[in-house]
Amino acid sequence: MFASAAAFSKKKPEASVSLANDDILDGLMGELHKSSKVTKHTDTKSGQPAAKKVAYNPFSVERNSFPRSEESITPKASLTVKRGLSYDKVKPQTQKNLTVSSPVSRTYSERSVSNVTVEQDEDLPENEEFNNGSQTMETTVEDSPTESIDLADIGFDDDMVDTSSKPEELEVKHDVVHDNLQMDTKKCNQLISEEILTLGWENVGNNGQSETHMDFTVDNSNLPLVTNSTGEQVLRFYWLDAYEDPYHQPGTVFLFGKVFVDSVKSHVSCCVTVKNIERRLFILPRVKRMNLKTHVESTEETTLPMVYEEFQRIAEKHRINEFRSMKVRKNYAFEILEVPVEADYLEVRYSAEHPVLPSDVKGETFSHVFGTNTSSLEHLLLNRRMKGPAWLELKCPQVPATETSWCKLEIILAKPDYISVSDNQSSPPPLVVMTLKLQTLPNPKTRQNEIVAAACLVHCDFQMDRPAPKQPYQQHFCVISKPSDSIYPFDFRDQITKQTKRMKIEITPGERGLLGFLLAKIHKLDPDLIVGHDIYGFDLDLLLHRISANKVPHWSKISRLKRTFMPKIVQSHGKATFAEKSAVCGRMLCDVQISARELIRCRSYDLSELAKQVLKQERTELDYDEVREMFSSSLQLLKLIEQTLLDSLFILNIMYELSVVPLALQITNICGNVMSRTLMGGRSERNEWLLLHAFHEKQYVCPDKEFRKKQVLPVGDDEDGDQSGSKKMAQGKRKPAYAGGLVLEPKKGFYDTYILLLDFNSLYPSIIQEYNICFTTISRSAATTEVHDDDEACLILPDHDLEPGVLPTEIRKLVDSRKLVKTLMKNSDVSHEQMMQYDIRQKALKLTANSMYGCLGFTFSRFYAKPLAALVTGKGREILMQTKDLVQKMNLDVIYGDTDSIMINTNSVELDQVYKLGNKVKSEVNKLYRLLEIDIDGVFKSMLLLKKKKYAALCVHRSPDGQVTTSQELKGLDIVRRDWCDLAKDAGKYVVSQILSGETRETIVEKIHTKLQEVGDTVRSGDIPLTLFYITKQLTKNPEDYPDKKSLPHVQVAMRFNSKGGKKMRAGDTVPYIICEDGSTMSATQRAYHPDELIKQDSLKVDTKYYLAHQIHPVVARLCDPIQGTDSAHLAECLGLDPSGYRHTTHHEETAEEDLVTLQLTMEEKFRHCDRFTFSCPSPNCGRQIVLDSVFTGNVSI
DNA sequence: ATGGTAGGCTAGATGA
DNA sequence: TCATCTAGCCTAC
Ligand SMILES: [Mg+2]
Ligand SMILES: [Mg+2]
């Protein structure tokens, strides 16, 4: 192992691996050299007692001793652990103290608040004598065996643990409280409410529980093994997260998850180090040997032995001195044209400790080498068929000699083959979930944000396959530190002490103490999942920066992997970098902002808005000034703490409400990726994993990941010829690469007869199946070589009897699973809980199937296939046109259609007839296709069709008991867009509901006019809540990155907002602003102000004229465009605007359009669809039909 | 860093 | 002055 470590350290010049990560690499490499030295130390001293065993690492940041404080050096009483003395002496380094925190432990609650840091001491160096590099560690604590906890904290990082050695024992101390938990759950089985919060947090927490301890030991003969279905002894391990460090520990993947330990009757965290994952190359032989200089092919045919020989030479040149090889037959179906569909490859395997081959190596005897840069993680997940979190069975588990993780249990596997996915997938283990909410303040001197408070809630028994728990959490804690420039209120400690029953508060003297406490808590509670809001955009980066700036020891406790050096962190405006994202490995991170972005549409995704929209609860946002102010009095400070706790609760509840975790689990199990990545969003990666698994299974060589495409700057890469000269900004918005869906020209106007909406069920996934569109079934060579590359005509569709390709098969699996789930859901005796779970699964299946097409057209996808994407949309256009033609041939009136839908004006007012007609059309259309299916998606009682993608309709619903209800469906109109103010949208909504109401034209027009006058008056009177004036727009770039910031109001507002310090607005944030009168004569865009500015500056007033003329008027005028009896000018007049400017507005288009359907609302017109009122003569022997033509005038015909 | 295209609309720039 | 273009947003599929 030393040899390999040394050999690897020689690899320093290999920095070419990734130019972008130079700084990261340097940092990591530096660490490698240093820590490998430590490793040596450690091992040569084996045999020494534990306390003296680990040498001090002179390079570790952790040498910095924690400031002495009474709290921090108080020995922890509960650390008195019974241990086998004999083991102590023989192999002390194998001991591991395992503390399983009680789910309901009240370790803190019985102590005075200022003394709750007991856990810290196990995390902190005990004294300053640590300073001499050659010195071994000593302790000041009497009970020295407990010190072994600290030993592995140092010098662990690059231990290449010799797996052939037999680590003997792992001692475990466990604070078990399983029974207590159950008791506690029962007691606290109540919904949290605001009242409870204000009464005290302990009401839902852990009151009156006591801690119990149980000691148990784990060693190789004592691992919690079980017998699997084939009778083998295996360790059952549920994997949740995976991590690899390809630079330091190539060939090693760390799996993190849980193991059930019977002796303590609970699941404990476990880190599995999978070693010796080999690199695998697939070398494609040339048919004939080629001279690489002249590119001339010789007549000599190549053989695999010749390839082997040449590769051996090349390998040696790259210092790969050992490898194995064999002949394999593999398929290929991707974008490199020269690669045959099927061929014999030379598969080469070699240790990942040897260098990576450049991905473009070529030889005289071979043309391509695949898999040069494939990660160990990919090899592991694909070869072991690990598709998302699952129970694994681990054979030959070994206990490591040195601790590498912060987990309760550690296992080493000498090779990946020891892993198999269990055929007995029982429920996933319960997770420990912890929320995290930070309060920060900018340091007035450095202007950098510092952390002043943190609040956490903990749920110790979260089930990923169940609906949200009734009790949101069991434990809570807060930690507060005073800002560097202030002091605590004089009576703060007293006040806090009074509150101990309500809230568990830890007071620390400064940020460093806070961070130390937080890390210790994370270690102790050992959460599997940390939840926050904007963690990836703010908290994580900040946390790591502050830990680093304060030189807080054991930074890596934030994760589950012990590491000495923090990844290089750069100034990144709060946005977490790649390195930072991997800093928390082993614990999944759930950022509810990211999740909400994926799952729901929201005006904004900040915490207040999410709380309002998702939880229907109001949250108050705290200004930095307010936070600072709150440090001046104890009462205020307590309020701050409570507010922070409340935010934490919001975060947790938002996650529950959106079912983020159950959904992510389902998606991950479907796609076969890593769950922590699913939680980070990004559809493409999920799709890639799904396809990787599928193609790997079918013996395909997959496209390699391409790194750093050198920013080719292909401005005119498409020979489109159009004026593409000015391709603004990095990737502002690229122009489309191929044609998409067809949108039929709408027959605009108002309809008061039933409209049928027919819609193909998931059109694109269906097309892929219907036409068997796949990498494997369609040759793209013509399309990519020909000049007309966006012409899908040259693609040849596969025969109908050709076996389905990989892509259609995968989609079919998804669709079939979904059907199955849906039939299960129809079963009446499913529990509510089960139903929720089914629904989540079917949603996940649908999402995955639908994102398949998108990823085909995604330029940076590993499976990018523009011709296929274009073919799919092409077929879609064809199908929509066919459908339209068919429907028109049935003598029906197609008024609109978008991509996969057709709207038909039935001209009927009989609902039954309409459905009958719909079903007839449906069956006619469906006759044309094998799988593709159109369905009735809705029936509209009335509809206002304004433009392509813009309409409003009254949707009819028939309940089983025959009752008919209606609901509004609004699509694309201004009133559903967030960039119009509520004032305008509300007016618009009123107008729409009037138009759809079915009343006579005269009434409608009159009501609209009246309403507008009223609105105009109210606006001018100023008696309107400010929020109605908010216009919100998202920043798509960071404000400073806009080339033309001057004319963009939201950018200007954001720039001013950012300039005042504190939290910054960044790309993705939503900026609210109000157009104001500020005395200047500048254009409206120059007079946009943030609501705070308007409130604070008396000189600013809402520009009511702007809102009437540029918000309400255009919105309303567009809606009323097809309505006769009013016009733009009239509407303007009602609003109190000068109508002259609106006289003959933009009707230059309409004049040509004769098919404009106008609102026909005279009495006669309105009832034109009514049948005549007829009835049979009631006289038994008469039977004549009597017709009442004019009910009120009395004309009767017989 | 990382699904897609189609389309409406505003405000500002540009040119006849 | 008007027509035409572009950037930027947000929406419908
Ligand atoms: Mg559809
Ligand atoms: Mg549709």
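This report describes the metal site, the DNA strand C surface, the aromatic contacts and two backbone features of a predicted model.

Residues are numbered from 1 along each chain as its sequence is written, chains are lettered from A and ligands numbered from 1 in the order in which they are written. Because the model is predicted, local features need pLDDT of at least 70 and side-chain atom pairs count only at pLDDT 80 or more, while totals for chains, interfaces and linings use all residues, and side-chain values use heavy atoms, with hydrogens and water left out.

**The magnesium ions**

The magnesium ion (ligand 1) has as its protein donors D759 (OD), F760 (O) and D900 (OD), at 2.1 to 2.4 Å, where a donor is an N, O or S atom within 2.8 Å of the metal (3.2 Å for Na, K and Ca), and sites may look incomplete since water is not among the atoms. Along the chain these donors follow the spacing D-F-x139-D. The pair D759 and D900 links distant parts of the chain, 141 residues apart, with D759 in strand β25 (residues 755–760) and D900 in the loop between β26 (893–896) and β27 (901–905); helices (H or I, at least four residues) and strands (E, at least two) are DSSP runs numbered from the N terminus. For the magnesium ion (ligand 2), the protein donors are D759 (OD) and D900 (OD), again given as lying 2.1 to 2.4 Å from the ion. The two ions are 3.7 Å apart, and D759 coordinates both.

D759 is buried, with a relative accessible area of 15%, and D900 is buried as well, at 19%; buried means under 20% relative accessible area, exposed over 50%, and partly exposed in between, with a 1.4 Å probe and protein chains only.

**The surface near DNA strand C**

Of the 25 residues around DNA strand C, D900, Y951, Q1034, T1036 and Y1042 come nearest, a residue being near if one of its heavy atoms lies within 4 Å of the strand. Sugar and phosphate account for 91% of the strand atoms that come within 4 Å of the protein. By residue class the surface divides into six nonpolar, eight polar and eleven charged residues, with Ala, Val, Leu, Ile, Met, Phe, Trp, Tyr, Cys and Pro counted as nonpolar, Asp, Glu, Lys and Arg as charged, and the others, Gly among them, as polar.

The table gives polar contacts with the strand, a polar contact being a pair of N or O atoms within 3.5 Å.

| Residue and its atom | Atom of DNA strand C | Distance |
|---|---|---|
| D900, polar side-chain atom | sugar or linking oxygen | 2.5 Å |
| K949, polar side-chain atom | base nitrogen | 3.1 Å |
| Q1034, backbone N or O atom | phosphate oxygen | 2.6 Å |

The elements that give two or more residues to this surface are β30 (964–971) and β31 (1031–1034), and β31 gives the most, with three residues.

**Aromatic contacts**

The structure holds 23 aromatic pairs, counted for rings of Phe, Tyr and Trp (its six-membered ring) whose centres lie within 6.5 Å, with planes under 30 degrees apart taken as stacked, over 60 as edge-to-face and the rest as tilted. Y332 and F334 form an edge-to-face pair, because their ring centres are 5.4 Å apart and their planes stand at 85 degrees. Y332 is buried, with a relative accessible area of 5%, and F334 is buried at 7%. One aromatic cluster is formed by Y332, F334, Y345, F370, F695, Y700, F775 and F863.

Charged side chains also lie over rings, a charge being placed there if NZ of Lys or CZ of Arg is within 6 Å of the ring centre and within 35 degrees of the ring normal. K581 lies over the face of Y536, at 5.9 Å from the ring centre, and the charged end of K1063 sits over the ring of F538, 4.3 Å from its centre.

**Positive phi values**

N772 is not a glycine, yet its phi is positive, at about 55 degrees; N772 is placed in the loop between α21 (763–770) and α22 (781–785) and is buried, with a relative accessible area of 7%. K949, in the loop between β28 (934–947) and β29 (950–958), has a positive phi near 65 degrees and is likewise a residue other than glycine, but K949 is partly exposed, with a relative accessible area of 46%.

Methods. Polar contact = N/O pair within 3.5 Å; in protein donor to acceptor, adjacent residues only side chain to side chain.
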